[in-house]
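Q: Please walk me through the pockets and cores of this model. How do you know what belongs to each?

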Amino acid sequence: MNAASRGMPSARDRSRAFCERFGIRVPILLAPMAGASAPSLSIAVASAGGLGACGALLMTGTEILKWCSTVRASSNGAFQLNLWIPGPPPRRDASSEAHVRAFLGAWGPPVPADAGDAVPLDFSAQCDALLDAAPPVVSSIMGVYPPAFVARLKALDIAWFATASTVHEARRAEAAGADVVVAQGMEAGGHRGSFDAASAERHLIGLVSLVPAIADAVRVPVVAAGGIADGRGVAAALALGASAVQIGTGFLRSPEAQIDPVWAAALGTIAPEDTVVTRAFSGRAGRSIATDYVRAAMADDAPPPAAFPVQRGLTAAMRAAATKSGDLQRMQAWAGQSAALASTEPAGQLVRRLWDEAQRIIC
(Lines give C-alpha, C1' and ligand atoms only; values in the text may rest on other atoms or scores of the structure.)
Protein backbone atom coordinates (compact mmCIF):
# COMPACT_ATOMS: atom_id res chain seq x y z
CA MET A 1 0.00 0.00 0.00
CA ASN A 2 1.51 3.34 -0.99
CA ALA A 3 1.21 6.60 0.88
CA ALA A 4 -1.50 8.03 -1.35
CA SER A 5 -3.75 4.98 -0.94
CA ARG A 6 -3.51 5.11 2.84
CA GLY A 7 -4.51 8.77 2.94
CA MET A 8 -1.25 10.64 3.45
CA PRO A 9 -1.89 14.09 4.93
CA SER A 10 -1.18 17.15 2.80
CA ALA A 11 2.29 18.67 2.65
CA ARG A 12 1.18 21.52 4.89
CA ASP A 13 -0.39 19.18 7.44
CA ARG A 14 2.69 16.93 7.51
CA SER A 15 5.09 19.82 7.98
CA ARG A 16 2.87 21.42 10.64
CA ALA A 17 2.63 18.16 12.60
CA PHE A 18 6.39 17.64 12.35
CA CYS A 19 7.11 21.13 13.67
CA GLU A 20 4.69 20.73 16.55
CA ARG A 21 6.12 17.35 17.51
CA PHE A 22 9.75 18.48 17.54
CA GLY A 23 9.34 21.99 18.90
CA ILE A 24 10.30 24.05 15.86
CA ARG A 25 8.43 26.64 13.81
CA VAL A 26 9.82 25.95 10.36
CA PRO A 27 10.37 22.48 8.78
CA ILE A 28 13.95 23.28 7.82
CA LEU A 29 16.80 21.41 9.49
CA LEU A 30 20.49 22.22 9.32
CA ALA A 31 22.49 19.18 8.23
CA PRO A 32 24.98 17.94 10.83
CA MET A 33 28.31 18.50 9.08
CA ALA A 34 31.40 17.23 10.90
CA GLY A 35 34.07 19.91 10.75
CA ALA A 36 31.57 22.56 9.64
CA SER A 37 29.28 22.85 12.65
CA ALA A 38 30.08 26.30 13.97
CA PRO A 39 27.78 27.08 16.93
CA SER A 40 26.92 30.41 15.31
CA LEU A 41 25.28 28.61 12.37
CA SER A 42 23.01 26.50 14.58
CA ILE A 43 22.17 29.52 16.72
CA ALA A 44 21.02 31.40 13.63
CA VAL A 45 19.01 28.48 12.21
CA ALA A 46 17.36 27.64 15.53
CA SER A 47 16.56 31.27 16.29
CA ALA A 48 14.81 31.53 12.93
CA GLY A 49 12.59 28.58 13.85
CA GLY A 50 14.52 25.69 12.30
CA LEU A 51 16.60 22.92 13.85
CA GLY A 52 20.33 23.44 14.35
CA ALA A 53 22.84 20.62 14.11
CA CYS A 54 26.26 19.43 15.16
CA GLY A 55 28.23 16.72 13.38
CA ALA A 56 30.07 15.40 16.44
CA LEU A 57 32.23 12.75 14.74
CA LEU A 58 35.48 14.62 15.45
CA MET A 59 34.55 15.92 18.92
CA THR A 60 35.35 14.61 22.38
CA GLY A 61 32.67 14.42 25.04
CA THR A 62 33.91 17.65 26.58
CA GLU A 63 33.78 19.42 23.21
CA ILE A 64 30.25 18.14 22.58
CA LEU A 65 29.02 19.49 25.91
CA LYS A 66 30.73 22.83 25.32
CA TRP A 67 29.11 23.13 21.87
CA CYS A 68 25.69 22.45 23.37
CA SER A 69 26.20 24.98 26.14
CA THR A 70 27.19 27.66 23.63
CA VAL A 71 24.17 27.07 21.40
CA ARG A 72 21.72 26.86 24.27
CA ALA A 73 23.00 30.12 25.72
CA SER A 74 22.06 32.06 22.58
CA SER A 75 19.08 30.22 21.09
CA ASN A 76 16.00 28.20 21.94
CA GLY A 77 18.11 25.05 22.10
CA ALA A 78 16.50 23.33 19.11
CA PHE A 79 19.27 21.20 17.61
CA GLN A 80 20.38 17.68 16.81
CA LEU A 81 23.65 15.95 17.69
CA ASN A 82 24.93 13.46 15.13
CA LEU A 83 27.39 10.57 15.21
CA TRP A 84 28.66 8.08 12.66
CA ILE A 85 27.94 4.44 13.51
CA PRO A 86 31.37 2.73 13.57
CA GLY A 87 32.14 0.17 10.90
CA PRO A 88 34.43 -2.84 11.19
CA PRO A 89 38.16 -2.21 11.70
CA PRO A 90 39.87 -1.35 8.41
CA ARG A 91 41.96 -3.91 6.62
CA ARG A 92 45.52 -2.66 6.48
CA ASP A 93 47.91 -3.21 3.58
CA ALA A 94 51.35 -1.71 4.13
CA SER A 95 52.33 -1.89 0.47
CA SER A 96 49.16 -0.20 -0.78
CA GLU A 97 49.41 2.49 1.88
CA ALA A 98 53.01 3.18 0.85
CA HIS A 99 51.80 3.86 -2.70
CA VAL A 100 49.12 6.24 -1.37
CA ARG A 101 51.69 8.05 0.78
CA ALA A 102 53.97 8.48 -2.23
CA PHE A 103 51.07 9.79 -4.32
CA LEU A 104 50.01 12.23 -1.61
CA GLY A 105 53.60 13.44 -1.18
CA ALA A 106 53.28 15.05 -4.60
CA TRP A 107 50.28 17.05 -3.36
CA GLY A 108 51.51 18.18 0.03
CA PRO A 109 54.08 17.58 2.74
CA PRO A 110 55.68 14.14 3.04
CA VAL A 111 53.28 11.71 4.70
CA PRO A 112 54.68 10.04 7.85
CA ALA A 113 54.75 6.25 7.84
CA ASP A 114 52.41 6.13 10.83
CA ALA A 115 49.87 8.64 9.46
CA GLY A 116 47.40 5.88 8.68
CA ASP A 117 47.39 4.66 12.29
CA ALA A 118 44.97 7.37 13.39
CA VAL A 119 41.81 5.93 14.96
CA PRO A 120 38.37 7.47 15.54
CA LEU A 121 37.42 8.85 18.92
CA ASP A 122 35.81 6.51 21.47
CA PHE A 123 32.27 5.98 20.18
CA SER A 124 30.95 4.78 23.54
CA ALA A 125 32.27 7.90 25.29
CA GLN A 126 30.73 10.10 22.60
CA CYS A 127 27.38 8.35 23.05
CA ASP A 128 27.56 8.96 26.80
CA ALA A 129 28.22 12.64 26.08
CA LEU A 130 25.15 12.80 23.83
CA LEU A 131 23.02 11.45 26.66
CA ASP A 132 24.57 13.89 29.13
CA ALA A 133 23.88 16.76 26.74
CA ALA A 134 20.23 15.62 26.39
CA PRO A 135 19.46 17.39 23.10
CA PRO A 136 15.95 17.26 21.67
CA VAL A 137 17.25 15.09 18.81
CA VAL A 138 20.11 12.66 18.29
CA SER A 139 20.79 11.54 14.73
CA SER A 140 22.86 8.87 13.05
CA ILE A 141 24.62 8.19 9.79
CA MET A 142 26.29 5.04 8.37
CA GLY A 143 24.02 2.65 10.27
CA VAL A 144 21.79 2.33 13.33
CA TYR A 145 22.53 2.77 17.00
CA PRO A 146 22.85 -0.31 19.21
CA PRO A 147 19.59 -1.35 20.92
CA ALA A 148 20.90 -0.52 24.40
CA PHE A 149 21.69 3.05 23.37
CA VAL A 150 18.32 3.44 21.64
CA ALA A 151 16.63 2.35 24.86
CA ARG A 152 18.58 4.97 26.81
CA LEU A 153 17.55 7.64 24.30
CA LYS A 154 13.89 6.74 24.62
CA ALA A 155 14.12 6.69 28.41
CA LEU A 156 15.28 10.30 28.24
CA ASP A 157 12.63 11.22 25.63
CA ILE A 158 15.31 12.08 23.06
CA ALA A 159 14.16 11.60 19.47
CA TRP A 160 16.33 9.59 17.06
CA PHE A 161 16.62 10.71 13.42
CA ALA A 162 18.28 7.95 11.35
CA THR A 163 19.84 8.76 7.98
CA ALA A 164 19.12 6.28 5.17
CA SER A 165 20.20 6.27 1.53
CA THR A 166 18.01 3.34 0.37
CA VAL A 167 14.58 1.93 1.12
CA HIS A 168 16.18 -1.13 2.74
CA GLU A 169 18.15 1.09 5.11
CA ALA A 170 15.03 3.09 5.95
CA ARG A 171 13.17 -0.07 6.91
CA ARG A 172 16.08 -1.20 9.06
CA ALA A 173 16.15 2.17 10.80
CA GLU A 174 12.42 2.11 11.54
CA ALA A 175 12.67 -1.46 12.85
CA ALA A 176 15.54 -0.39 15.11
CA GLY A 177 13.36 2.28 16.71
CA ALA A 178 14.09 5.45 14.72
CA ASP A 179 11.51 8.19 15.25
CA VAL A 180 12.29 9.84 11.90
CA VAL A 181 14.08 8.69 8.74
CA VAL A 182 16.28 11.22 6.96
CA ALA A 183 16.24 10.23 3.28
CA GLN A 184 19.63 11.25 1.90
CA GLY A 185 19.68 11.53 -1.88
CA MET A 186 22.86 11.04 -3.86
CA GLU A 187 22.90 14.81 -4.57
CA ALA A 188 23.99 15.52 -0.99
CA GLY A 189 27.40 17.01 -0.29
CA GLY A 190 29.87 15.39 2.07
CA HIS A 191 29.86 11.78 3.15
CA ARG A 192 27.26 9.34 1.90
CA GLY A 193 25.13 7.87 4.68
CA SER A 194 25.19 4.33 3.32
CA PHE A 195 25.10 1.62 5.98
CA ASP A 196 27.47 -0.49 3.83
CA ALA A 197 30.60 1.42 2.83
CA ALA A 198 31.18 -0.89 -0.13
CA SER A 199 27.81 -0.01 -1.70
CA ALA A 200 27.99 3.77 -1.27
CA GLU A 201 29.04 4.36 -4.88
CA ARG A 202 26.70 1.75 -6.36
CA HIS A 203 23.43 2.82 -4.76
CA LEU A 204 23.29 6.41 -5.97
CA ILE A 205 19.58 7.17 -5.69
CA GLY A 206 18.32 10.66 -6.44
CA LEU A 207 16.02 12.44 -4.00
CA VAL A 208 13.04 12.53 -6.37
CA SER A 209 13.00 8.72 -6.41
CA LEU A 210 14.13 8.16 -2.84
CA VAL A 211 11.71 10.33 -0.86
CA PRO A 212 8.42 8.88 -2.13
CA ALA A 213 9.83 5.36 -2.00
CA ILE A 214 10.82 5.74 1.65
CA ALA A 215 7.61 7.62 2.51
CA ASP A 216 5.67 4.63 1.14
CA ALA A 217 7.88 2.12 2.97
CA VAL A 218 7.86 3.48 6.54
CA ARG A 219 5.28 4.94 8.91
CA VAL A 220 7.55 7.41 10.69
CA PRO A 221 8.03 10.94 9.32
CA VAL A 222 10.56 11.40 6.52
CA VAL A 223 13.02 14.28 6.21
CA ALA A 224 14.43 14.94 2.73
CA ALA A 225 18.15 15.71 2.39
CA GLY A 226 20.35 16.26 -0.63
CA GLY A 227 20.34 18.92 -3.32
CA ILE A 228 17.87 21.23 -1.54
CA ALA A 229 19.01 24.84 -1.46
CA ASP A 230 16.04 27.02 -2.38
CA GLY A 231 12.29 27.27 -1.88
CA ARG A 232 11.59 25.19 -4.99
CA GLY A 233 13.54 22.30 -3.51
CA VAL A 234 11.80 22.61 -0.15
CA ALA A 235 8.37 22.59 -1.80
CA ALA A 236 9.24 19.69 -4.07
CA ALA A 237 10.50 17.56 -1.18
CA LEU A 238 7.32 18.17 0.80
CA ALA A 239 5.19 17.36 -2.23
CA LEU A 240 7.05 14.07 -2.62
CA GLY A 241 6.11 12.96 0.89
CA ALA A 242 8.67 14.51 3.22
CA SER A 243 7.56 16.24 6.42
CA ALA A 244 10.64 18.49 6.56
CA VAL A 245 13.92 19.09 4.76
CA GLN A 246 17.55 19.04 5.83
CA ILE A 247 20.01 21.42 4.19
CA GLY A 248 23.80 21.35 4.38
CA THR A 249 25.65 22.91 1.44
CA GLY A 250 22.90 25.49 1.06
CA PHE A 251 23.96 27.05 4.38
CA LEU A 252 27.72 26.91 3.93
CA ARG A 253 28.05 30.32 2.26
CA SER A 254 26.22 32.07 5.10
CA PRO A 255 28.61 34.11 7.24
CA GLU A 256 27.66 32.13 10.36
CA ALA A 257 29.05 28.92 8.80
CA GLN A 258 32.58 30.29 9.15
CA ILE A 259 34.09 27.91 6.58
CA ASP A 260 37.23 28.71 4.59
CA PRO A 261 36.40 31.70 2.36
CA VAL A 262 38.01 30.03 -0.66
CA TRP A 263 35.73 27.03 -0.27
CA ALA A 264 32.69 29.24 0.33
CA ALA A 265 33.38 31.30 -2.80
CA ALA A 266 33.84 28.19 -4.93
CA LEU A 267 30.45 26.80 -3.90
CA GLY A 268 28.72 29.67 -5.65
CA THR A 269 30.35 28.90 -9.00
CA ILE A 270 30.05 25.16 -9.56
CA ALA A 271 27.51 23.30 -11.67
CA PRO A 272 26.08 19.95 -10.54
CA GLU A 273 28.48 18.12 -12.84
CA ASP A 274 31.42 19.86 -11.18
CA THR A 275 30.97 17.60 -8.14
CA VAL A 276 31.89 13.92 -7.79
CA VAL A 277 31.53 11.13 -5.25
CA THR A 278 35.03 10.19 -4.10
CA ARG A 279 36.87 8.27 -1.39
CA ALA A 280 40.00 10.35 -1.93
CA PHE A 281 39.85 12.28 1.34
CA SER A 282 38.66 9.88 4.03
CA GLY A 283 38.29 6.44 2.54
CA ARG A 284 34.50 6.72 2.68
CA ALA A 285 32.50 7.95 -0.26
CA GLY A 286 31.58 11.63 -0.17
CA ARG A 287 30.52 14.28 -2.67
CA SER A 288 33.17 16.92 -3.28
CA ILE A 289 34.06 19.64 -5.73
CA ALA A 290 36.01 17.96 -8.54
CA THR A 291 39.30 19.68 -7.73
CA ASP A 292 42.66 18.92 -9.31
CA TYR A 293 43.56 16.58 -6.45
CA VAL A 294 40.23 14.74 -6.59
CA ARG A 295 40.49 14.20 -10.34
CA ALA A 296 44.06 12.97 -10.02
CA ALA A 297 43.16 10.65 -7.14
CA MET A 298 40.31 9.15 -9.16
CA ALA A 299 42.38 8.62 -12.30
CA ASP A 300 42.99 5.08 -13.52
CA ASP A 301 46.71 5.26 -12.75
CA ALA A 302 46.25 6.54 -9.16
CA PRO A 303 46.59 4.15 -6.21
CA PRO A 304 43.22 3.18 -4.71
CA PRO A 305 42.49 5.03 -1.46
CA ALA A 306 42.85 3.19 1.83
CA ALA A 307 39.80 2.41 3.95
CA PHE A 308 38.37 4.82 6.52
CA PRO A 309 39.88 6.10 8.78
CA VAL A 310 43.29 5.18 7.35
CA GLN A 311 42.88 7.38 4.27
CA ARG A 312 41.76 10.28 6.44
CA GLY A 313 44.99 10.00 8.43
CA LEU A 314 47.08 9.75 5.27
CA THR A 315 45.54 12.92 3.76
CA ALA A 316 45.70 14.95 6.98
CA ALA A 317 48.96 16.73 6.16
CA MET A 318 47.81 17.66 2.64
CA ARG A 319 44.46 18.92 3.88
CA ALA A 320 46.08 21.03 6.59
CA ALA A 321 48.58 22.53 4.14
CA ALA A 322 45.80 23.33 1.66
CA THR A 323 43.75 25.10 4.31
CA LYS A 324 46.73 27.08 5.52
CA SER A 325 47.61 28.27 2.02
CA GLY A 326 44.02 28.72 0.81
CA ASP A 327 44.51 26.23 -2.01
CA LEU A 328 41.10 24.97 -3.13
CA GLN A 329 42.63 22.41 -5.48
CA ARG A 330 43.97 20.36 -2.54
CA MET A 331 41.31 21.30 0.00
CA GLN A 332 38.62 18.97 1.33
CA ALA A 333 35.81 20.94 -0.27
CA TRP A 334 32.59 19.01 0.15
CA ALA A 335 29.71 20.20 -2.03
CA GLY A 336 26.23 19.03 -2.92
CA GLN A 337 24.98 19.16 -6.49
CA SER A 338 22.93 22.32 -5.86
CA ALA A 339 25.88 24.25 -4.42
CA ALA A 340 25.48 27.14 -6.87
CA LEU A 341 22.10 27.91 -5.29
CA ALA A 342 23.72 28.53 -1.90
CA SER A 343 23.25 32.09 -0.74
CA THR A 344 25.61 34.40 1.13
CA GLU A 345 22.76 35.92 3.16
CA PRO A 346 22.65 35.43 6.94
CA ALA A 347 21.46 31.94 7.89
CA GLY A 348 18.39 33.10 9.82
CA GLN A 349 17.25 35.24 6.94
CA LEU A 350 17.85 32.30 4.60
CA VAL A 351 15.66 29.99 6.68
CA ARG A 352 12.79 32.47 6.61
CA ARG A 353 13.15 33.16 2.87
CA LEU A 354 13.24 29.48 1.90
CA TRP A 355 10.11 28.74 3.89
CA ASP A 356 8.30 31.79 2.51
CA GLU A 357 9.17 30.71 -1.04
CA ALA A 358 8.12 27.14 -0.41
CA GLN A 359 4.77 28.15 1.06
CA ARG A 360 3.96 30.25 -1.99
CA ILE A 361 4.56 27.20 -4.18
CA ILE A 362 2.64 24.62 -2.15
CA CYS A 363 -0.37 26.80 -1.31
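A: Start with the second largest pocket of this predicted model. Its lining counts 25 residues, and Gly87, Pro88, Arg284, Phe308 and Pro309 lie nearest its centre. The volume is about 580 Å³.

Q: What makes a residue part of the lining of this pocket?
A: A lining residue has an atom within 4 Å of a pocket point. The 25 residues count as lining because they meet that cut-off. β3 and α5 (123–133) each supply at least two of them.

Q: How do the lining residues of the second largest pocket divide by class?
A: There are 19 nonpolar, three polar and three charged residues. Gly87 is on the polar side of that count, because Gly is classed as polar. Pro88 is nonpolar, because Pro is in that class.

Q: What is the volume of the largest pocket, and which residues are closest to its centre?
A: The space is about 980 Å³. Of its 50 lining residues, Met33, Ala34, Ala36, Gly190 and Trp334 are the closest to the centre. α12 gives the largest share of the lining, three residues. The classes are 25 nonpolar, 22 polar and three charged.

Q: Why is Ile28 called a member of a nonpolar core?
A: A core joins buried residues of listed types, Ile included, through side-chain atoms within 4.5 Å. Ile28 is in the largest core, so Ile28 is buried, under 20% relative accessible area. That core has 101 residues. Helix α13 (residues 347–362) gives the largest share, seven residues.

Q: Which residues does Ile28 touch?
A: Among them are Val45, Leu51, Phe251 and Trp355.

Definitions and conventions:
Residues numbered from 1 in each chain as written. Predicted model: local features only at pLDDT ≥ 70, side-chain atom pairs only at ≥ 80, totals over all residues. Heavy atoms only, no water. 1 Å grid on protein atoms, 1.4 Å probe; cavity = no way out; pocket = protein on both sides within 12 Å on 5 of 7 lines; lining within 4 Å. Points joined across faces, edges and corners; volume = space filled by probe spheres on them. Helix = DSSP H or I, 4+ residues; strand = E, 2+ residues; numbered from the N terminus. Buried < 20%, exposed > 50% of the residue type's maximum accessible area, 1.4 Å probe, protein only. Contact = heavy atoms within 4.5 Å. Lists of a residue's contacts leave out its neighbours within four places in sequence.
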